[in-house]
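Hello,

Here is the structure I promised to pass on to you, and below it you will find my notes on what turned up. Please read them with the structure open beside you.

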Amino acid sequence: MGAGGQRRGVQSWWVALRLSLMLNCVEQVSAQIKYSIPEEVKVGTIVGNVGKDLGLDISSLEERRFRIVSGTEDAQFEVNQNSGVLYVHKNIDREELCESVSPCLMNLKMVAENPMEVHYVGVEIIDVNDNSPSFQEEEKILEIYESTLPGRRFQLPTARDPDVVVNTVRVYKLNHNEYFSVQIRDRADDKVPFLVLQKSLDREKHHEHKLILTAVDGGNPPRSGTLNVTVIVLDSNDNHPVFSQEVYSVTIHENVDTDTTVIKVEATDVDDGSNGNIEYFFGGELDHKIYDMFSLDKDTGEIRVKSEIDFEKADVYKLDVHATDKGQPPMSADCIVIIKVVDENDNKPEIEVTSLSNMVSEDSKPGTVVSLVSITDKDAGLNGKVICSLSENVPFELKPSFQDNMYSLVLKHRLDRESVSHYDITITATDCGQPPLSAFKTLSIEVSDVNDNIPEFLHNPIELYLVENNVAGNPIFSITASDKDLNENAALTYHIVREEGSQVKMATFLNINSDNGHVSALKSFDFETLKTFKFQVVATDSGTPSLSSNVTVNVFILDQNDNAPVILYPVSSNGSAEGVEEIPRNVNAGHLVTKVRAYDADIGYNGWLLFSLQQVTDHSLFGLDRYTGQIRTLRSFTETDEAEHKLVILVKDNGNVSLSATATVIVKLVEPKEAFAASDVKSSAKDDEGNDVTFYLMITLGSVSALFLISIVVLIAMQCSKTTDYTSKYLQDANYDGTLCHSIQYRSGDKRYMLVGPRMSIGSTIVPGSHANTLVLPDRRGTSGECTVMENEDT
């Protein structure tokens, strides 16, 4: 309590003391007369004529020293000794004199001397409404919880008014408001005001209320005093936290760094203190994975990235966030945070190939669907839009389906397995992201075979050179065809065409293995009987339907040395050839004695005959041309020379195993006359003999020439379609001089061959020791008809 309070306490004590004294006086002395006077009258105001009223002699009052002897300390009243009038000496304040005592009666003790007389006069101070009600405090502060129910009363300070009776406080008034009213209760003589709550308070709307309490007294005019009443509304936890947004939406890029702030949620609570302190939590009903992805600061409401964000796992996250205050009981609010993940191009396209078949038939038509291709990209938007392409130079194309990223792999062009049997198709899928990502997949497609290729022979026609005297039943040749197809479409069987005709009749003597094409002869061929023939072989595959092709085989029988030389002159008789020649003794050197003629049915080396002297009586007289068989004299005869000479001549061929024959010529030396006569006789005999030989030679030469002419015509017709390297040219040379000469020349590849007949021309040369009947000639297109042999080669 301050100094004012102490002062008020002293005054109250003084008032109480004076009041007790006055009461004592009243009890001891009763007033003789009583006056009433309002307080605050002017000084000098006459209260009454005490002397007169007491019945005193007015004129003697001065002498008797009529005076007031009590209450002089304050000297509020004085008496006029001349007139006996009681008047106000100084200002009278009832409140100072009596405070709250009512009525306020002042007892004046008046004395007059000579004789001593004591008189008591009572002056009642009538209260005047000269004081306004007042409150001890300038302001009254009340703290009321906002949860206080209406009707609750709160006592207010009472106003003090020194005035009494009707001039004291009679009523309290409160300024107009919707929350409070004032209620007055009488307690003894006091009126106590109470503040009554009319309506529930809301601190969040008005955290305090400024009221004015007015105390009004009953004076006329009334006086009043005011008290400022401040009602502080104490917070109750009656408000939920409120988020600034009910739904928060934010976008983030996938693969953002951890601890990146995503969003900050904010809730407010209009409550105060701990009732308004908010903490944030994730809703307990969230997927536990959410707690691994994001973190929430419970104090600030910041949501941060906690682990890797992958758009492909989730493109949106919905988080329930609770805001809870710290009141008792706590109150909470909820909001939804929608986090949309923006896709980054971090996934390559994925190619899935559903093959209808890894094998495509080569006769498939364009447009045939081979495979279904599905392209997926976990990214979204342009990052997930994929462009698909194929490797170049393949007979396939991709056709898009009505669904996005679905394609059909279809055949674009016809296939040819024999050209390309396998395709490795690379499918490239590239998305439209930045930077673009690509994926590759290789699809292996095998082209299945159909029987669309006929068997093929390496050469057509085929030239077969067969040595005569072959063993019947043994293979003589192998014919092989190829087929570009596979498996049964390429499994070939062979057979010989057996038709009517002079050429193909020989096919009856041939047999072929249907599996491997090995040709065997059922008979032994004789070059001297048959020199050439042809037949056809058909190769057929096992496809459905089967395809076939044929090849012509031209067979040339090659000669073997199976014929010994035959002596044509001298004429053979009794198994031996022997002749007698008579010549004059006077012939000169170089005289043609005779000519040994021989024939060999073989050709080439086997038919090339050489002559040699096996036996002669005198080597100095006769000489033999080894190639022509001519016997000539080497010198002139003398008288000492014998008249008869025996010459044994060996004729042999040049076969690998040479065969030979011998002829004996007896040369007789005669005198010129005898020789002349004998020559006439021999001439006629020889003419007859020569005519027979010539006839046989002409028949032989004609038959051989006819056979070779036929062979030449056939071979020329067969070789017209062949290239130069494989063309065989046949020439027939009928030039002979002493020894019958016939030959066949032909080409095969880069070599030129000649088959030589029984006898060769004079200019023919050959390398002795040859073991074949085929001679290799230099490529001289302008070579004359002479049978000139340059080189031999085994066949």
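**Salt bridges and a surface patch**

E418 and R417 form a salt bridge, in which the closest N and O atoms are 3.1 Å apart. R417 counts as buried, because its relative accessibility is 7% and buried means under 20%. Please keep in mind that this is a predicted model.

A search of the whole structure finds 18 salt bridges, and a few others deserve your attention. R64 forms a salt bridge with E117, with 3.2 Å between the closest N and O atoms. This pair links distant parts of the chain, since R64 sits in the loop between α2 (50–54) and β3 (67–68), while E117 belongs to strand β7 (residues 117–126), 53 residues apart. R64 counts as buried at 10% relative accessibility, whereas E117 is partly exposed, with a relative accessible area of 23%.

Another salt bridge joins the side chains of E139 and K210, at 3.8 Å from N to O. Here too distant parts of the chain are linked, with E139 in strand β8 (residues 139–145) and K210 in strand β13 (residues 208–217), 71 residues apart. E139 is partly exposed at 35% relative accessibility, and K210 is exposed, its relative accessible area being 54%. In addition, R65, R67 and E113 are linked in a network of salt bridges.

Turning to the surface, L356, V369 and L372 make a nonpolar patch of about 240 Å². Of these residues, V369 lies in strand β26 (residues 369–376) and is partly exposed, with a relative accessible area of 36%.

Best wishes

How values were computed. Residues numbered from 1 in each chain as written. Predicted model: local features only at pLDDT ≥ 70, side-chain atom pairs only at ≥ 80, totals over all residues. Heavy atoms only, no water. Patch = residues over 30% accessible without salt bridge, like charges linked within 9 Å, V, L, I, M, F, W, Y side chains within 5 Å. Areas by Shrake-Rupley, 256 points an atom, 1.4 Å probe, with all protein chains shown as cover. Salt bridge = Lys/Arg side-chain N within 4 Å of Asp/Glu carboxyl O. Helix = DSSP H or I, 4+ residues; strand = E, 2+ residues; numbered from the N terminus. Buried < 20%, exposed > 50% of the residue type's maximum accessible area, 1.4 Å probe, protein only.
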